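Colleague: Before I set anything up, could we go through the ligand site and the charged side chains together, one question at a time?

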Amino acid sequence: MNTTGKMLRLHSTDPFFEDVVQIDQVDFPRPWSRSDWLSLDLNFHHLLALQGPLGIQGFCLFSILPGDDSAHLLKICLRKELRSTGLAMEFWAEILYYLREQLVQSVYLEVDADNTAAIQFYSKVCFQRLRFIRGYYSDGKDALTMLLTLQVENL
Ligand SMILES: CC(C)(COP(=O)(O)OP(=O)(O)OC[C@H]1O[C@@H](n2cnc3c(N)ncnc32)[C@H](O)[C@@H]1OP(=O)(O)O)[C@@H](O)C(=O)NCCC(=O)NCCS
């Protein structure tokens, strides 16, 4: 579907897994430690990476419990130099295709209330604002929760 990259589902033994951990460290506002990453059960945490000509361009991480038709978007991140290029929209189209294959019907997320670019992006791909939660994060920052219901036209 996209012309720029190929989407891969990664496990921790995959050679690209370390690239994801590194992008998280460098380019994500709330990075996890390597041991946090290694403690994930990637059978029900779905780690999707976008591979381009020069390597991994970005990733997203969902939690989808077996038998559940809702997904929790834990992280989505593009390398800084690839933002505002349209690539995020292409990646999202691939992600939606994947979620449909997993029979997911809704996607939930929390985001820093001051992360304007991410909130703008989520709104553009049809997430609705749910709640503002004051002091949600451990550093006291506020969060916004958002929900996407996957209807036929979103897929
Ligand atoms: C979330 C993310 C993948 C979206 O990718 P992107 O390339 O930035 O997305 P887009 O350019 O398609 O959309 C972002 C929108 O925010 C706008 N924007 C970017 N920075 C902004 C800012 N500082 N203030 C206001 N708007 C901003 C862009 O103009 C764009 O809107 P437009 O399409 O109407 O012009 C990317 O921003 C990212 O990797 N962020 C870091 C990780 C992160 O914070 N993830 C979300 C938390 S899980």
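Colleague: Which of the 17 residues around the ligand come nearest?

Modeller: Please keep in mind throughout that this is a predicted model. The shell around the ligand holds 17 residues, and the ligand itself sits in the largest pocket. Those that come nearest are Ile 76, Leu 78, Ser 84, Asn 115 and Lys 124.

Colleague: Which element gives the most to the shell around the ligand?

Modeller: The ligand sits in the largest pocket, and the elements that contribute two or more residues to its shell are β4 (70–78) and α4 (116–124). With seven residues, the one that gives the most is α4.

Colleague: How far is an oxygen atom of the ligand from an N or O atom in the side chain of Asn 115?

Modeller: Several polar atoms face the ligand, and a backbone N or O atom of Ile 76 lies 2.8 Å from one of its nitrogen atoms. In the side chain of Arg 83, an N or O atom is 3.1 Å from an oxygen atom of the ligand. For the side chain of Asn 115, the distance from an N or O atom to a ligand oxygen is 2.7 Å.

Colleague: How much of the accessible area that the ligand has on its own does the protein cover?

Modeller: Taking up the ligand once more, whose oxygen lies 2.7 Å from a side-chain N or O atom of Asn 115, the reference is the 940 Å² of accessible area that the ligand has on its own. Of that area, the part covered by the protein is 71%.

Colleague: Turning to the charged side chains, which parts does the salt bridge between Glu 18 and Arg 34 tie together?

Modeller: The side chains of Glu 18 and Arg 34 meet at 2.4 Å, N to O, in a structure that holds eight salt bridges. Glu 18 is partly exposed at 34% relative accessible area, and Arg 34 is also partly exposed, at 42%. Because Glu 18 belongs to residues 17–27 and Arg 34 to residues 34–38, the pair ties together parts 16 residues apart in sequence, namely helix α1 and helix α2.

Colleague: Is Asp 112 buried or exposed?

Modeller: Asp 112 forms a salt bridge with Lys 141, with 3.4 Å between the closest N and O atoms. This pair links distant parts of the chain, since Asp 112 is in strand β5 (residues 106–112) and Lys 141 in the loop between β6 (128–133) and β7 (143–149). Lys 141 is partly exposed at 32% relative accessible area, whereas Asp 112, at 9%, is buried.

Colleague: Which residues are linked with Asp 112 and Lys 141 in a network of salt bridges?

Modeller: Asp 112 and Lys 141 form a salt bridge, and both belong to a network of such bridges. The residues linked with them there are Arg 30, Asp 114 and Asp 139.

Colleague: What is the relative accessible area of Arg 134?

Modeller: Arg 134 meets Asp 142 in a salt bridge at 3.9 Å, N to O, which lies within the 4 Å cut-off. Asp 142 is partly exposed, with 22% relative accessible area. Arg 134, by contrast, counts as exposed, and its relative accessible area is 65%.

Colleague: Finally, which residue shares a polar contact of 3.2 Å with Ser 33?

Modeller: Ser 33 is found in the loop between α1 and α2 and is partly exposed, with a relative accessible area of 32%. Its C-alpha atom is 8.2 Å from that of Val 21, twelve residues away along the chain. The polar contact of 3.2 Å joins the side chain of Ser 33 to that of Ser 35.

Technical notes. Residues are numbered from 1 along each chain as its sequence is written. This is a predicted model: local features need pLDDT of at least 70, side-chain atom pairs count only at pLDDT 80 or more; totals for chains, interfaces and linings use all residues. Side-chain values use heavy atoms; hydrogens and water are left out. Helices (H or I, at least four residues) and strands (E, at least two) are DSSP runs, numbered from the N terminus. Buried means under 20% relative accessible area, exposed over 50%, partly exposed in between (1.4 Å probe, protein chains only). A residue is near a molecule or strand if one of its heavy atoms lies within 4 Å of it. A polar contact is a pair of N or O atoms within 3.5 Å; within protein, one must be able to donate a hydrogen and the other to accept it, and residues adjacent in sequence count only if both atoms are side-chain atoms. Accessible areas come from the Shrake-Rupley method with a 1.4 Å probe; for residues, only the protein chains shown count as cover. On a 1 Å grid over the protein atoms alone, a cavity is a set of points where a 1.4 Å probe fits but cannot get out, and a pocket is an open set with protein on both sides within 12 Å along at least five of seven lines; lining residues have an atom within 4 Å of a point. A molecule sits in a cavity or pocket if more than half of its atoms lie within 2 Å of its grid points.
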